[in-house]
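Hi,

Here is the structure I promised to pass on. Have a look at it first, and my notes on what I found are underneath.

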Amino acid sequence: MQFQQLQYFVAVAEARHFTRAADLVHVAQPSLSQQIKALERELGADLFLRARGNITLTAAGEALLPLARRILADAETARHEVQELVQLRAGRVRLGATPSVCTGLLPDVLRAFHDRYPGVRLLIEEGGSHDLVRELARGALDLALVVLPLPSPSPALTTVELLREDLVVVSSPEAPRPGAGRRAVRVAELEGERLVMFRHGYDLRELTVAACRAEGFEPDFAVEGGEMDAVLGFVRAGLGVAVVPRMVAARSGRGLRVTPLAPPGLHRTIALAHRSDVAPPRAARELQRMLFER
């Protein structure tokens, strides 16, 4: 008894027609009929009553059908389980993240993931939340770390909050301390500071500019248009101050003075997003688990 014969048998039993069953399993109808006859010879019993335009199961066929379905289901389960294991040995994860998350959150988690699953390739794409949502929607990413709220919420995506992070002000230790030297600076006191500002499309740019406008002033940019590393470098050089996530400031602290924002301060929410209609592959789900357990 061959596995393929059971597939053909179930197809005929469900279609009640040899030609339609052959189309379902993508095989020529004569080949399918020959395999069914070979299965009947192996079992020593007819499985179908054949009449023109009317195919019905015999008593032997009725007995075999639930067993054949179970065998096929078990085989599919086995294939799926093996593929899941293979994905953790030689799979890949396509992860999108905003540049500040790449700098602050990901290095430690990715190192731990790589240590545990050295055969899994990690493909990282940096971008703003808007770009990452678009890449998720078209299937180019398995997971993405985005800033909430999303610029254009999509019902096709599932987002789960990962962390809520404070923002801080970084400046050069050689420059005067922002906020008249106090331990914490209010957003309103940034009106007298020249800001080093991220490029358009950066979530931190939109958040900082909105906070300044809520206090009644337009921020004064000393330099604008940089990515995270460039912004931190310009601050170290004394060109101005910048508002960055606390985690980024902690990892990039050399040559930077870190000043908290006075309550209520500024915060951002990082979420893990994936498509709602497609389950992430096993390796991606394992990285997801490690991110939440970090």
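**Prolines and a cis bond or two**

Let's start in the loop between β10 (257-260) and β11, where you'll find P264. Before going further, please keep in mind that this is a predicted model. The peptide bond that runs from P263 to P264 is cis, with omega near 5°. Another cis peptide bond links L148 and P149, with omega at about -5°. P149 sits in the loop between β5 and β6. These bonds caught my eye because most peptide bonds are trans.

**The pocket**

P149 comes up again here. Which residues lie nearest the centre of the largest pocket? They are V147, P149, P151, D203 and E206, out of a lining of 14 residues. The elements giving two or more residues to that lining are α7 (129-137), β5 (143-148), α8 (203-214) and β11 (267-275). As for chemistry, the lining splits into six nonpolar, five polar and three charged residues. The volume of this pocket comes out at about 230 Å³.

**Helices with a buried face**

Take α7, one of the elements of the pocket lining. Its buried residues are S129, L132, V133, E135 and L136. Looking down the axis of α7, you see them within an arc of 165°, so they line one face of the helix. Among the elements covering these buried residues are β3, β4, β5, β6 (157-171), α8 and β11.

In α6 (residues 106-116), L106, V109, L110 and F113 are buried. Their arc, seen down the axis of α6, is 95°, so here too the buried residues line one face of the helix. R111 and D115 are exposed, on the face of α6 turned away from the buried side. The cover over the buried residues of α6 includes β3 (92-97), α5 (99-104), β4 (121-126), β5 and α11 (282-292).

Then there is α9 (residues 228-236), with M228, V231, L232 and V235 buried. They fall within an arc of 95° down the axis of α9, so they line one face of that helix.

**Three buried residues that are polar or charged**

R94 belongs to strand β3. Is R94 buried or exposed? Its relative accessibility is 18%, and the cut-off for buried is under 20%, so R94 counts as buried. A polar atom of the R94 side chain lies 3.0 Å from the backbone oxygen of G139. Beyond its neighbours within four places in sequence, R94 is in contact with L123, G139, A140, L141, D142 and L143. G139 itself comes just after α7 and has a positive phi of about 85°.

S100 is in helix α5, and S100 is buried as well, at 3% relative accessible area. Not counting residues up to four places away in sequence, S100 touches Y202, L204, M228, P245, V248 and R268. M228 in that list is one of the buried residues of α9. S100 and G226 are 126 residues apart in sequence, yet 12 Å apart in space, C-alpha to C-alpha.

S172 is in the loop between β6 and β7 (194-198), buried with a relative accessible area of 5%. Leaving out residues up to four places away in sequence, S172 touches V235, R236, G238, G255 and R257. V235 is another of the buried residues in α9, while G238 follows just after α9 and takes a positive phi of about 85°. For a sense of distance, S172 and R134 are 38 residues apart in sequence and 37 Å apart in space, C-alpha to C-alpha.

**Positive phi outside glycine**

Most residues other than glycine have a negative phi, so here are two to look at on screen. R16, in the loop between α1 (3-15) and α2 (18-24), has a positive phi of about 55°. R16 is partly exposed, with a relative accessible area of 35%. H26, in the loop between α2 and α3 (29-43), has a positive phi of about 60°. At 74% relative accessibility, H26 counts as exposed.

Cheers

Methods
Residues numbered from 1 in each chain as written. Predicted model: local features only at pLDDT ≥ 70, side-chain atom pairs only at ≥ 80, totals over all residues. Heavy atoms only, no water. 1 Å grid on protein atoms, 1.4 Å probe; cavity = no way out; pocket = protein on both sides within 12 Å on 5 of 7 lines; lining within 4 Å. Points joined across faces, edges and corners; volume = space filled by probe spheres on them. Helix = DSSP H or I, 4+ residues; strand = E, 2+ residues; numbered from the N terminus. Nonpolar A, V, L, I, M, F, W, Y, C, P; charged D, E, K, R; others polar. Buried < 20%, exposed > 50% of the residue type's maximum accessible area, 1.4 Å probe, protein only. Arc of directions from axis to C-beta. Contact = heavy atoms within 4.5 Å. Polar contact = N/O pair within 3.5 Å; in protein donor to acceptor, adjacent residues only side chain to side chain.
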